[in-house]
Amino acid sequence: MPDLENSQWLGYELHDGLLQWVVGARMQLEVALAATADPPQRKRLKQTLRFIELAIEEGRGLIGFIEEQSTNRPHDFAAMIDQFVHALQPLAKDRQQEIVFHRAERPWPELPQSVLWNMLRVAQQGVRNAISHAGPATITITCSWIDDRHIQLQVDDTGVGFDQTRAAPTTTTTSHFGVSSMHHRASLIHGNLEITSAPEQGCHVKLTLAVPNED
């Protein structure tokens, strides 16, 4: 992760620049929605507005995370996932999907903020891929302990799946950039990422991480 000064600068830039444009776009959509009586058009505008609201929430979440790097306050990974799931449930419902989150039976250890952030991004990308490509499905996020030294994050869906022989996970083409991003983030935190799928067998993302020694 970048140093504190650069992180704070990035937070200010996101808030004062990009996020303001997105908020402006939301305001324009709200005006258009209020002025439209046509049901199909209203439905499309509402769906677009939902994406804009998710982008704003994502931006604010990132800014909050950046600001908290200056504190020693531990992050609750389960709470981060809960918030993400809550925000995406309406979108998933529109696509006849359900997102389910299973917390670890015992709390995970305190981990560096950079590790938690990259794990969160892997979970988010796995869920978003499922929402975009799985079709009607149940999407399950699971945090668990494998043993006393290893934790695991899983994202499983019951959707259409895909043929892995035609979708190499290391490709950087646009259609598979999200998968490449997950592998890159796993390497940054020295985790092991496995993605398995087959037609009509859903997709399964598994990130395993060794817990750092406390001494």
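**Exercise 1. Which unit do E1, helix H4 and E2 make, and of which hand is it?**

Solution. The model is predicted, and the step-by-step description below refers to that model. Begin with strand E1, which covers residues 97–102 and has a covered face made of Gln-97, Ile-99 and Phe-101, while Glu-98, Val-100 and His-102 make up its uncovered face. Next, consider the pairing: E1 and strand E2, the latter spanning residues 137–147, run parallel and are joined by six bridges. One residue of the uncovered face, Glu-98, has Thr-138 as its bridge partner in E2. Finally, add helix H4, residues 113–133, and the three elements E1, H4 and E2 are found to make a β-α-β unit that is left-handed.

**Exercise 2. Place these elements in the chain as a whole, starting from the order of its helices and strands.**

Solution. The first step is the inventory, which gives five helices and five strands. Read from the N terminus on, these elements follow the order α-α-α-β-α-β-β-α-β-β. The second step turns to burial, and here 39% of the 215 residues in the chain count as buried. The third step concerns contacts: among those with a separation of 6 or more, 69% are between residues 24 or more positions apart.

**Exercise 3. Trace the strand pairing from E2 through E3 to E5, and decide how far E3 is enclosed.**

Solution. E2 and E3 form a hairpin, with two residues between them, and they run antiparallel, joined by eight bridges. Within this pairing, Thr-140 stands opposite Asp-156 in E3. E3 is also joined to E5 by eight bridges, again in an antiparallel arrangement, and the bridge partner of Ile-151 in E5 is Leu-209. As for enclosure, strand E3 covers residues 150–157, and seven of its eight residues are buried, so E3 is largely enclosed by the rest of the structure.

**Exercise 4. Describe the largest pocket by its volume, its lining and the elements that supply the lining.**

Solution. The volume of the largest pocket is about 550 Å³. Its lining consists of 24 residues, and those nearest its centre are Glu-57, Glu-58, Phe-84, Gln-124 and Arg-128. The elements that give two or more residues to this lining are helix H2 (39–67), helix H3 (77–94) and H4; of these, H2 provides the largest share, with eight residues. Sorted by character, the lining residues divide into 12 nonpolar, six polar and six charged.

**Exercise 5. Locate His-190 and Glu-200, and state for each the value of phi and whether the residue is buried or exposed.**

Solution. His-190 has its place in the loop between helix H5 (177–188) and strand E4 (192–197), and its phi is positive, at about 60 degrees, although His-190 is not a glycine. Its relative accessibility is 73%, and because the cut-off for an exposed residue is over 50%, His-190 counts as exposed. Glu-200 lies in the loop between E4 and E5, where its phi, near 65 degrees, is likewise a positive value in a residue other than glycine. With a relative accessible area of 60%, Glu-200 is exposed.

**Exercise 6. Where does Asn-213 lie, and what separates its C-alpha atom from that of Arg-149?**

Solution. Asn-213 belongs to the segment after strand E5 (203–210). Along the chain, Asn-213 and Arg-149 are 64 residues apart, whereas their C-alpha atoms are separated by 8.7 Å. Asn-213 is itself exposed, having a relative accessible area of 56%.

Note on methods. Residues numbered from 1 in each chain as written. Predicted model: local features only at pLDDT ≥ 70, side-chain atom pairs only at ≥ 80, totals over all residues. Heavy atoms only, no water. Buried < 20%, exposed > 50% of the residue type's maximum accessible area, 1.4 Å probe, protein only. Helix = DSSP H or I, 4+ residues; strand = E, 2+ residues; numbered from the N terminus. Pairing = 2+ DSSP bridges. Right-handed = clockwise from strand over helix to strand, strands pointing away. 1 Å grid on protein atoms, 1.4 Å probe; cavity = no way out; pocket = protein on both sides within 12 Å on 5 of 7 lines; lining within 4 Å. Points joined across faces, edges and corners; volume = space filled by probe spheres on them. Nonpolar A, V, L, I, M, F, W, Y, C, P; charged D, E, K, R; others polar. Contact = heavy atoms within 4.5 Å.
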